[in-house]
Each structure stands twice: as structure tokens, then as C-alpha cells.
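Here's a quick briefing to go with the structure. Have it open while you read.

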Amino acid sequence: MTETGPIRVYLLDDHEVVRQGLRFLLEAAGDIEVVGESGSAEDATHRIPALRPHVAVLDARLPDGSGIEVCRSVRAVDPSINALILTSYDDDEALFAAIMAGAAGYVLKEIKASDLISAVRHVAGGHSLIDPTLTSRVLERVRNGPATAPELAELTDQELKLLGYIAEGLTNRQIGERMYLAEKTVKNYVSSILAKLGLERRTQAAVLAAKLLDPTPDSHSR
């Protein structure tokens with residue numbers, strides 16, 4: 001319960017039965033009200049800022065994008081909305097993406113019902129559920145990234161990571177799943193990379209990346 005009433009929560013999951021279960025669970029707590037829900041990233045991105053929930057509970061992987069990308073977009077519009085990423089996947093890449101997107105919490109779907117309710121209350125109060133040591137590890141990774149070849153100096157960290165996946169031969173959809181980005185977002189990144197490198201084709205970028213990029217541990221971990 002907040003000073004102005006119940007904790008307002010928005011649910012994003014592409015499975016209706018999961019959303020219904022979460023709604024029942026959270027509203028049974030007595031101090032939580034589910035004010036909206038979506039099954040797609042695009043719908044949630046538009047509706048969440050308008051409804052202004054205290055907490056957005058976001059599924060990490062969706063058919064048309066990811067909860068992590070929704071978190072980034074929503075918080076860019078309204079930083080007061082706290083995001084709790086709910087996922088079936090426990091991996092460093094997802095955690096890294098969640099922290100960089102400004103998520104306040106990152107929990108697995110196997111979480112106990114009572115712990116999920118506590119997590120929503122904790123996040124609604126403006127607190128973080130992410131271990132500070134993990135946040136430090138992510139910030140260290142950002143500050144001390146691998147040395148970049150001069151030819152790639154104009155690329156952002158995100159573009160460099162994506163270029164590595166291009167070198168592995170992944171499709172835009174597969175890259176989107178790895179990086180928790182919508183496929184159309186990946187397509188835009190690829191166009192930007194080609195423009196910055198002065199190349200015309202994706203295969204040219206793959207060949208260049210194979211020559212210049214050092215293999216990174218996380219690019220082969222999954």
C-alpha cells in the first residue's frame with residue numbers, strides 16, 4: 001500500500017493464463033491493484049506510460065520483442081515507473097541488459113508466490129532487488145570493455161556486440177533473442193553498422209568482424 005492507495009501494477013506476458021494467474025495472486029494480497037495488462041511489447045510500450053503504474057511486471061522474452069526493451073522505452077518517458085523483469089532464463093546477458101535498461105528487479109518465474117508479492121512491494125517503494133555486486137560487475141564491464149580496433153571505433157558498445165553476433169552468422173531474429181531487442185530494432189542497428197563501416201552488405205560486415213573482433217566469452221556461452 002502506498003500513501004495514495006493500493007500499489008498499481010501492470011502485467012506484460014504473452015500467455016493469457018500466466019497474466020490471469022499473476023493478477024489473481026497479486027490482487028489477493030490486498031494492497032495491490034492490477035491496472036492493465038498486455039500480451040505484446042508494442043502494446044505495453046504505449047499503454048504503460050498512460051496508466052502510470054507504480055510497478056510494471058515484464059516478461060523478458062516476447063514474440064515481438066522483450067520486456068527489457070519495454071522497460072527501457074517506458075522509463076525513458078517516465079522514470080518514476082519501476083520495472084520488475086520476470087523471466088524463465090537465468091543468464092548474465094539478460095541480467096546485464098536488464099540493469100542497463102534501468103530495471104529495479106530481475107526474478108525468475110520459479111519464484112515463490114509470497115516472494116513475488118514481496119518483490120512488487122519492495123520495488124514499488126523505490127528499492128532495487130538487484131544485488132549491488134552484480135550492478136558493480138555490469139558497470140565495470142561497461143567501463144573496461146575490450147580494446148576496439150580502429151576500424152570499429154565509431155561503433156557503440158551495443159553495435160559492437162551485435163556485430164559479433166553477425167560474425168557468428170545469426171539472423172536478426174536470433175540476435176534479437178540474444179540481446180533482448182525487437183527484430184526491427186536489430187534491423188536498424190545493422191543498417192547503422194553498415195553505414196558507419198562504409199559497407200553495403202551484411203556478409204561484408206561479418207567478414208570484417210571475424211578479422212577484427214576478439215571472441216568474447218559471453219558470445220559463445222549459450
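What follows covers the overall picture, then one strand and one residue.

This is a predicted model, with 222 residues, 42% of which count as buried. The protein has 10 helices and 7 strands.

**Overall picture**
- Of the contacts with a separation of 6 or more, 67% link residues 24 or more positions apart.
- The accessible surface comes to about 11500 Å², and carbon and sulfur atoms hold 53% of that.

**Strand S6**
- S6 covers residues 82-87, and 6 of its 6 residues are buried, so the rest of the structure largely encloses this strand.
- Side chains in a regular strand alternate between the two faces of the sheet.
- In S6 both faces are covered: Asn82, Leu84 and Leu86 are buried on one side, and Ala83, Ile85 and Thr87 are buried on the other.

**Who S6 pairs with**
- Strand S3 (residues 55-59) runs parallel to S6, with 5 bridges between them.
- Take Ala56, for instance: its bridge partner in S6 is Ala83.
- S6 also pairs in parallel with strand S7 (residues 105-108), this time through 4 bridges.
- Over there, Leu108 of S7 stands opposite Thr87.

**Ser66**
- Ser66 sits in strand S5, which spans residues 65-66.
- Buried or exposed? Ser66 has 1% relative accessibility, and because the cut-off for buried is under 20%, Ser66 counts as buried.
- Leaving out residues up to four places away in sequence, Ser66 touches Ala41, Asp59, Ala60, Tyr180 and Leu181.

Terms used:
Residues are numbered from 1 along each chain as its sequence is written. This is a predicted model: local features need pLDDT of at least 70, side-chain atom pairs count only at pLDDT 80 or more; totals for chains, interfaces and linings use all residues. Side-chain values use heavy atoms; hydrogens and water are left out. Helices (H or I, at least four residues) and strands (E, at least two) are DSSP runs, numbered from the N terminus. Buried means under 20% relative accessible area, exposed over 50%, partly exposed in between (1.4 Å probe, protein chains only). Contact means heavy atoms within 4.5 Å. Accessible areas come from the Shrake-Rupley method with a 1.4 Å probe; for residues, only the protein chains shown count as cover. Two strands pair if DSSP finds at least two bridges between them.
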